[in-house]
Amino acid sequence: MAPPSPAAIMVRESVSSLASRAVADEVINEALVRGGVEEVPRGGGALRAFIEEPLRQAAASILGQDAADAIAHMLGPIVHRIPSEIPARLSPAPARPAQELETAAPTKLSTVLLATLDGARAEALDAALGDASLTVVHDVVALLDIVTANAIAHTVIVLDCASPSIHPATLATVAPEMEPGTEFVLWEASDATGDDWLFADKTDTWVRCPAGAAIDQVAKAIRALSPHGY
């Protein structure tokens, strides 16, 4: 039996955040029937259409309209996918404030995945990281595809809260699917990056770089997360 696709994992985790696994399975199965498909579409327009119509309708029928709206909100980065001209680069391969990490010696990271829609900010962070390998991801499906395809043992995922390509709640939902040791950084975190975006029980170990932090301090905090001095 083929393993579930990144899109299927993301959909299941989003629904499961609001219901038990058994009820989540019921919602997804009904959505598959409504959509006339055998599995959650793997991407593109088919996935967006599945989320917008059969999944939302099934969730509303079983969980109620508020829950259906919440699921659609979490999956918004796919439903409202915004193209980006940022070139993606990939080399082979408890809330902790950033200042606690800045004193660590600079090290080279295995991989940094940056979720942003702002090309200028991506280039600035790339330059500040130096020899660390930076990859820009444009949506959560691309993120899961990279992590799944490359089986990266150590990854730092940076969410650009000023211009995110992945909704923070969506990232919190799929975070449990990441390899053990994966680190998460909220760049430009602010008071708005809180209860309405994140799930406290899933993000209490995420590093927060506050709004206004100098880019070299952000880079230093990210590099300090790398184990073994890569």
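# Close-up views of a predicted model

**View 1. Several elements cover the buried residues of helix α10.** The cover of the buried residues of α10 includes β2 (112-115), α6 (119-129), β4 (156-160), β5 and β6. Contact here means heavy atoms within 4.5 Å. Helices (H or I, at least four residues) and strands (E, at least two) are DSSP runs, numbered from the N terminus. Helix α10 spans residues 215-223, and its buried residues are V218, A219, A221, I222 and R223. Buried means under 20% relative accessible area, exposed means over 50%, and partly exposed lies in between (1.4 Å probe, protein chains only). R223 has a relative accessible area of 12%, so R223 is buried. Between the C-alpha atoms of R223 and V156 there are 8.9 Å, with their positions 67 residues apart along the chain.

The model is predicted: local features need pLDDT of at least 70, side-chain atom pairs count only at pLDDT 80 or more, and totals for chains, interfaces and linings use all residues. Residues are numbered from 1 along each chain as its sequence is written, and side-chain values use heavy atoms, with hydrogens and water left out.

**View 2. F184 and W206 form an aromatic pair.** The structure holds one such pair. Its ring centres, those of F184 and W206, are 4.7 Å apart and the planes stand at 15°, so the pair is stacked. F184 sits in strand β5 (residues 183-189), and W206 sits in the loop between α9 (200-203) and β6 (207-210), so the pair ties together parts 22 residues apart in sequence. Rings of Phe, Tyr and Trp (its six-membered ring) pair if their centres lie within 6.5 Å; planes under 30 degrees apart count as stacked, over 60 as edge-to-face and the rest as tilted. Both F184 and W206 are buried.

**View 3. R208 is part of strand β6**. Its relative accessibility is 23%, so R208 counts as partly exposed. R208 and L186 are 22 residues apart in sequence, yet their C-alpha atoms are 4.8 Å apart in space.

**View 4. L55 belongs to the largest nonpolar core**. That core has 44 residues, and L55, L143 and L171 touch the most other members. A nonpolar core is a set of buried Ala, Val, Leu, Ile, Met, Phe, Trp, Tyr and Cys residues joined through side-chain atoms within 4.5 Å. Another core, of 19 residues, lies apart from it, with V112, W187, V207 and A219 among its members. L55 is found in helix α3. With a relative accessible area of 1%, L55 is buried. Leaving out residues up to four places away in sequence, L55 touches V11, V15, V27, A31, F50, I71 and L75. The C-alpha atoms of L55 and I28 are 6.7 Å apart, though 27 residues separate them along the chain.

**View 5. L55 also helps to line the largest cavity**. The other lining residues are I51, R56, A68, I71, A72 and L75. Helices α3 (44-63) and α4 (65-74) each give two or more residues to this lining. The cavity has a volume of about 30 Å³. On a 1 Å grid over the protein atoms alone, a cavity is a set of points where a 1.4 Å probe fits but cannot get out; lining residues have an atom within 4 Å of a point.

**View 6. V174 is found in helix α8 (residues 168-174)**. V174 is buried, at 0% relative accessibility. Beyond residues up to four places away in sequence, V174 touches M10, V140 and L144.

Notes:
On a 1 Å grid over the protein atoms alone, a cavity is a set of points where a 1.4 Å probe fits but cannot get out, and a pocket is an open set with protein on both sides within 12 Å along at least five of seven lines; lining residues have an atom within 4 Å of a point. Grid points are joined across faces, edges and corners, and a volume is the space filled by probe spheres set on the points.
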